[in-house]
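Student: I have a new structure on my screen and would like to talk through how its features get their labels. Can we go step by step?

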Amino acid sequence: MTISNLVHSPQTAFALLHKPHMHSSFLKNHNSSLFSLTNQLTKKQRNQTNLKTRLPVTTQSKNGNSADYPDRIISAVCYFYPFFDGVQYGKYVITQFTPIQVLIQPLVPAIRVFKSFPFNGFLVFLTLYFIVVRNSNFSRYVRFNTMQAIVLDVLLIFPDLLERTFNLREGWGLDLMMSLDSTVFLFLLVCLIYGSSSCLLGQMPRLPIVAEAADRQDSI
């Protein structure tokens, strides 16, 4: 009876469909619910972001530049290689300055072992390059510092070629050669102290001249 009244009474149906308070109430409730849900999602995302920000970020040594204690020790030891290989350039400085003699004295046994066989330098080079630098099992920290030590040792070819080419033994040429040798030795000594101490402290040393050459090794 009611349905038939609605069908046969179009004014009544039209009035029901156009009651503004019903639509307004529905829209308000819907918008309020949607706005509340949006606020909740926004607050949740902000809380997650703040939580991620507060969490400490740790990097494993195998996958980045961080260094644990074994990596620091290995990297520090690598800088002794170019120093041992070029210690002969300090023959003038060591004899003239006692503090340098005292500083070098504890290293004399290791230097003698390194110099005992002519090919020790070359064997150490091959070992460091193929077993350490080219080995992805070592961290990038170790490989980068090892590569710096290798590049530093390779640069010793140039003063050696100058000595063999000119072979200056007297006059101003001898003074020039003494200055060159002393400069090379002091540079090696500074690189040893700076590189090894930085590695032991867990820092990334960047040696002048050789750091960019080590960076070019994309594989490390």
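**Why the labels fit**

Tutor: Sure. Buried residues make up 30% of the 220 residues in the protein chain. Keep in mind that this is a predicted model.

Student: What makes a residue such as Ala76 count as buried?

Tutor: Buried means under 20% relative accessible area. Ala76 has 5% relative accessibility, so Ala76 counts as buried. Its place is in helix 4.

Student: And why is Phe119 called exposed?

Tutor: The cut-off for exposed is over 50%. Phe119 has 51% relative accessibility, so the label is exposed.

Student: Why is Phe117 called partly exposed, then?

Tutor: Partly exposed covers what lies between under 20% and over 50%. With 41% relative accessibility, Phe117 falls there, so it counts as partly exposed.

Student: What makes the rings of Phe117 and Phe119 a tilted pair?

Tutor: Two steps. Rings pair if their centres lie within 6.5 Å, and these centres are 5.7 Å apart. Planes under 30 degrees apart count as stacked and over 60 as edge-to-face, with the rest tilted. The planes of Phe117 and Phe119 are at 55°, so the pair is tilted.

Student: How many aromatic pairs does the structure hold?

Tutor: Nine. There is also one aromatic cluster formed by Phe80, Tyr81, Phe83, Phe84, Phe114 and Phe185.

Student: What does the protein chain look like in terms of helices and strands?

Tutor: It has 13 helices and zero strands.

Student: Why is helix 4 called roughly parallel to helix 10?

Tutor: Their axes come within 8 Å and cross at roughly 5°. Angles under 35 degrees count as roughly parallel, so helix 4 is roughly parallel to helix 10. Helix 4 makes the contact with Asp71, Arg72, Ile74, Ser75 and Cys78, while helix 10 uses Tyr141, Val142, Asn145, Thr146 and Ala149. Sorted by kind, the residues of this contact are five nonpolar, three polar and two charged.

Student: Why is helix 4 called roughly antiparallel to helix 12?

Tutor: Helix 4 and helix 12 have axes 8 Å apart and pack at an angle of about 175°. Angles over 145 count as roughly antiparallel, so that is the label for helix 4 and helix 12. Arg72, Ser75 and Ala76 of helix 4 meet Ser196, Cys199 and Leu200 of helix 12. Here the split is three nonpolar, two polar and one charged.

Student: How do you know that Ala76 and Leu192 are far apart in sequence, and what is their distance in space?

Tutor: They are 116 residues apart in sequence and 8.4 Å apart in space, C-alpha to C-alpha. For the protein chain, residues 24 or more positions apart account for 73% of the contacts with a separation of 6 or more.

Student: Which residues of the largest nonpolar core touch the most other members?

Tutor: Phe83, Ile104 and Phe185, out of 38 residues. The helices that each supply at least two residues of this core include helix 4, helix 10 and helix 12. Helix 10 gives the most, with eight residues.

Student: And which residues does Phe83 touch, not counting those up to four places away in sequence?

Tutor: Phe83 touches Ile104, Leu107, Phe185, Leu188, Leu189 and Leu192. In soluble globular proteins, nonpolar side chains tend to be buried together.

Methods
Residues numbered from 1 in each chain as written. Predicted model: local features only at pLDDT ≥ 70, side-chain atom pairs only at ≥ 80, totals over all residues. Heavy atoms only, no water. Core = buried A, V, L, I, M, F, W, Y, C linked by side-chain atoms within 4.5 Å. Buried < 20%, exposed > 50% of the residue type's maximum accessible area, 1.4 Å probe, protein only. Helix = DSSP H or I, 4+ residues; strand = E, 2+ residues; numbered from the N terminus. Contact = heavy atoms within 4.5 Å. Axes fitted to C-alpha atoms, helices over the stretch in contact; angles between N-to-C directions. Parallel < 35°, antiparallel > 145°, perpendicular 65-115°, else oblique. Nonpolar A, V, L, I, M, F, W, Y, C, P; charged D, E, K, R; others polar. Phe/Tyr/Trp six-rings, centres within 6.5 Å; stacked < 30°, edge-to-face > 60°.
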